[in-house]
Structure formats: structure tokens, C-alpha cells
Amino acid sequence: MPTLTVLATCTVHMYAGDHLPPHFHVRMGDGREALVEISTLDVLRGSVPRRELRPALEWADANRAALSAKWKELNP
């Protein structure tokens, strides 16, 4: 599970051989986790409030092409 970035309140990860749709995992400092779809930045699973996910979503929005490329690399 590569760590893609470490932010102040969370880390962003992506798994190899993961299920569709293409997504990434946001793990909060307290262990809570959310799955976020790359193309829409919609939360697929998890109970982390969107306001707490804001730093990760802003990072993902700015790095969407890199996230898509990493997904294709890890999930051919």
C-alpha cells in the first residue's frame, strides 16, 4: 500500500489489485478511513466528515492526473 502523500491531519494511500471504481484511501490520524473516487472525489465509503477530508480532497483535485496514473500502474 503505497503512501502517496502525508498531510497535516491524514495520509493518502492506494492499494494494488484493488476493486473498481478507481479510488484512493484517506487515513485520518485517529485511524478512521474514507475511500474516495478519483474521477468525482465522491466519498465511496467511510464516515469521515467532508470538512475533515478537505485537505486530502484539495490535494487530490490538484493531483488527479497523477492519481489516475498511479491507479493504472497498481491496477493494470
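A salt bridge, as the term is used in this talk, is a side-chain nitrogen of Lys or Arg within 4 Å of a carboxyl oxygen of Asp or Glu. Glu52 forms such a salt bridge with Arg32, and the closest N and O atoms are 2.5 Å apart. Glu52 lies in helix α1 and Arg32 in the loop between β3 and β4, so the pair ties together parts that are 20 residues apart in sequence. Helices (H or I, at least four residues) and strands (E, at least two) are DSSP runs, numbered from the N terminus.

Some conventions before I continue. This is a predicted model, in which local features need pLDDT of at least 70 and side-chain atom pairs count only at pLDDT 80 or more, while totals for chains, interfaces and linings use all residues. Residues are numbered from 1 along each chain as its sequence is written, and side-chain values use heavy atoms, with hydrogens and water left out.

Let me stay with the charged residues. A search of the whole structure finds six salt bridges. For accessibility, buried means under 20% relative accessible area, exposed means over 50%, and partly exposed is in between, with a 1.4 Å probe and protein chains only. Glu52 is partly exposed at a relative accessible area of 22%, and Arg32 is partly exposed as well, at 29%. Glu52 also meets Arg51 in a salt bridge, at 3.9 Å from N to O. Arg51 is exposed, with a relative accessible area of 58%.

In helix α2, the side chains of Lys70 and Glu73 meet in a salt bridge of 3.4 Å, N to O. These two residues are three apart in α2, and are therefore separated by about one helical turn. Lys70 counts as partly exposed at 24% relative accessibility, whereas Glu73, at 54%, counts as exposed. Elsewhere, salt bridges that share partners join Asp30, Arg32, Arg51 and Glu52 into one network.

I turn now to the two sides of α2. Which residues of this helix, residues 64-74, are buried? They are Leu67, Trp71 and Leu74. These residues cover an arc of only 75° around the axis, which puts them on the same side of α2; the arc is that of the directions from the helix axis to the C-beta atoms. The face turned away from the buried side carries the exposed residues Ala65, Lys72 and Glu73. What covers the buried residues of α2 includes β1 (3-6), β3 (23-28) and α1 (50-62).

Helix α1 contains Ala60, which is buried, with a relative accessible area of 0%. Contact here means heavy atoms within 4.5 Å. Leaving aside neighbours within four places in sequence, Ala60 is in contact with Phe24, Leu41 and Leu67. The C-alpha atoms of Ala60 and Val12 are separated by 9.0 Å, although the two residues are 48 apart along the chain.

Val12 brings us to strand β2, where both faces are covered: Cys10 and Val12 on one side, and Thr11 and His13 on the other, are all buried. Two strands pair if DSSP finds at least two bridges between them. β1 and β2 run antiparallel and are joined by three bridges, with a hairpin of three residues linking them. β2 also pairs with β3 in the antiparallel sense, over four bridges.

Thr11 lies in this strand, residues 10-13, and is buried at a relative accessible area of 19%. Its bridge partner in β1 is Val6, and Thr11 stands opposite Arg27 in β3. Beyond neighbours within four places in sequence, the contacts of Thr11 are Thr3, Thr5, Val6, His25, Val26 and Arg27. The side chains of Thr11 and His13 are joined by a polar contact of 2.6 Å. A polar contact is a pair of N or O atoms within 3.5 Å; within protein, one must be able to donate a hydrogen and the other to accept it, and residues adjacent in sequence count only if both atoms are side-chain atoms.

My last residue is Glu37, in strand β4, residues 33-37. Where is the nearest side chain of opposite charge to Glu37? That side chain is Arg64, 8.8 Å away, and Glu37 is buried yet has no salt bridge. In assigning charge, Lys and Arg count as positive and Asp and Glu as negative, while His and the chain ends are not counted. The side chain of Glu37 does make a polar contact of 3.3 Å with that of Ser39. Leaving aside neighbours within four places in sequence, Glu37 is in contact with Pro21, Pro22, His23, Asp42 and Leu44.
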